[in-house]
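Q: I am new to this structure and would like a close look at a single part of it. Please take one loop as the starting point and work outward to what surrounds it.

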Amino acid sequence: MEYYNYLKSLHLIFVITWFAGLFYIVRLFVYQIEAADKLSPEKEILQKQYKIMTYRLWYIITWPSAVLASIFAFWMLFFTDLGKAWLQMPWMHVKLGFVFVLYLYHAKCQQIFKQLQNDDVKYSTNFMRLWNEGATIILFAVVFLVILKNAFNWIYGVIGIFLFGVLIMLGFKFYKKIRERNQS
């Protein structure tokens with residue numbers, strides 16, 4: 001127990017940097033996709049710079065943070081008495097389900113990263129802006145689970161996540177209208 005708080009602190013630090021990387025990488029994806037529509041030489045200059053930026057962010061910050069956050073989480077869960085006790089609690093099972101979804105989200109970002117590094121643009125900027133909200137929803141769900149240490153009443157939890165998603169979609173549509181108005 002004496003080193004548990006150190007593990008928890010390191011885990012939290014790397015979760016924060018992992019999410020920061022996920023939030024920023026998708027924003028850079030938006031910029032890369034927008035750069036693909038520019039004329040030469042602006043297009044090539046921007047694409048080159050965004051590829052460098054995304055590469056460094058992805059492999060120097062985001063991936064190492066994901067790995068280290070996972071190592072410290074596994075260490076806490078499987079090698080401490082408190083972690084072993086938490087593995088028996090329903091809220092932890094739900095949290096680990098969201099963490100699994102986060103790994104899937106990360107894997108999809110890896111796929112998009114590789115495509116954009118090869119100048120293969122398969123998604124629109126609108127898709128990327130919506131995709132960016134996926135990490136936000138996962139973050140909200142995990143933070144509430146960890147702080148409340150309750151798997152919530154499933155009805156309220158599902159309704160809450162659904163309403164949060166609706167609010168994000170409405171905000172996105174509102175922001176899109178503002179962008180379109182400013183472009184005309």
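Where is the place of Leu-39, and what can be said about the parts around it?

A: In this predicted model, Leu-39 sits in the loop between H1 and H2. Its relative accessibility is 70%, and because exposed means over 50%, Leu-39 counts as exposed. Arg-181 is 142 residues away from Leu-39 along the chain, and the C-alpha atoms of the two are separated by 23 Å.

The loop between H1 and H2 also holds Pro-41. The peptide bond that joins Ser-40 and Pro-41 is cis, with omega at about 0 degrees. Most peptide bonds are trans, and most residues other than glycine have a negative phi.

Next come the two helices that the loop connects. The axes of H1 and H2 come within 7 Å and cross at roughly 160 degrees. Angles over 145 degrees count as roughly antiparallel, so H1 is roughly antiparallel to H2. The crossing of H1 and H2 is left-handed. By class, the contact of H1 with H2 has 26 nonpolar, eight polar and three charged residues.

H2 also packs with H4, at an angle of about 160 degrees and with the axes 12 Å apart. H2 and H4 are therefore roughly antiparallel to each other, and their crossing is left-handed.

The loop between H4 and H5 contains Asp-119. Asp-119 is not a glycine, yet its phi is positive, at about 60 degrees. With a relative accessibility of 45%, Asp-119 counts as partly exposed, because that class lies between the cut-offs of 20% and 50%.

Asp-119 leads on to the empty space inside the model. Rolling a probe the size of a water molecule over the atoms shows where empty space is left. A search of the whole structure gives two cavities of 30 Å³ or more. The largest cavity holds about 40 Å³ of space. Asp-119 is one of the residues lining the largest cavity, together with Gln-32, Gln-47, Lys-51, Leu-116 and Val-121. This lining divides into two nonpolar, two polar and two charged residues.

The second largest cavity has a volume of about 30 Å³. Its lining residues are Ile-33, Ile-112, Gln-115, Leu-116, Asp-120, Lys-122, Tyr-123 and Met-128. Leu-116 is thus named in the lining of both cavities. Helix H4, residues 90-117, gives the most to the lining of the second largest cavity, with three residues. By class, that lining has five nonpolar, one polar and two charged residues.

Apart from the cavities, there are pockets. The largest pocket has a volume of about 760 Å³. Its lining is made up of 34 residues, and those nearest its centre are His-11, Val-15, Lys-95, Val-142 and Val-146. Two or more residues of this lining come from each of helix H1 (4-36), helix H2 (42-79), helix H3 (81-86), H4 and helix H5 (125-148). H1 provides the largest share, 10 residues. The lining of the largest pocket divides into 28 nonpolar, three polar and three charged residues.

To return to the starting point, the loop between H1 and H2 holds the exposed Leu-39 and the cis bond between Ser-40 and Pro-41. The two helices on either side of this loop are roughly antiparallel, and both give residues to the lining of the largest pocket.

Technical notes:
Residues numbered from 1 in each chain as written. Predicted model: local features only at pLDDT ≥ 70, side-chain atom pairs only at ≥ 80, totals over all residues. Heavy atoms only, no water. 1 Å grid on protein atoms, 1.4 Å probe; cavity = no way out; pocket = protein on both sides within 12 Å on 5 of 7 lines; lining within 4 Å. Points joined across faces, edges and corners; volume = space filled by probe spheres on them. Nonpolar A, V, L, I, M, F, W, Y, C, P; charged D, E, K, R; others polar. Helix = DSSP H or I, 4+ residues; strand = E, 2+ residues; numbered from the N terminus. Buried < 20%, exposed > 50% of the residue type's maximum accessible area, 1.4 Å probe, protein only. Axes fitted to C-alpha atoms, helices over the stretch in contact; angles between N-to-C directions. Parallel < 35°, antiparallel > 145°, perpendicular 65-115°, else oblique. Left-handed = near helix turned anticlockwise from the far one by under 90°.
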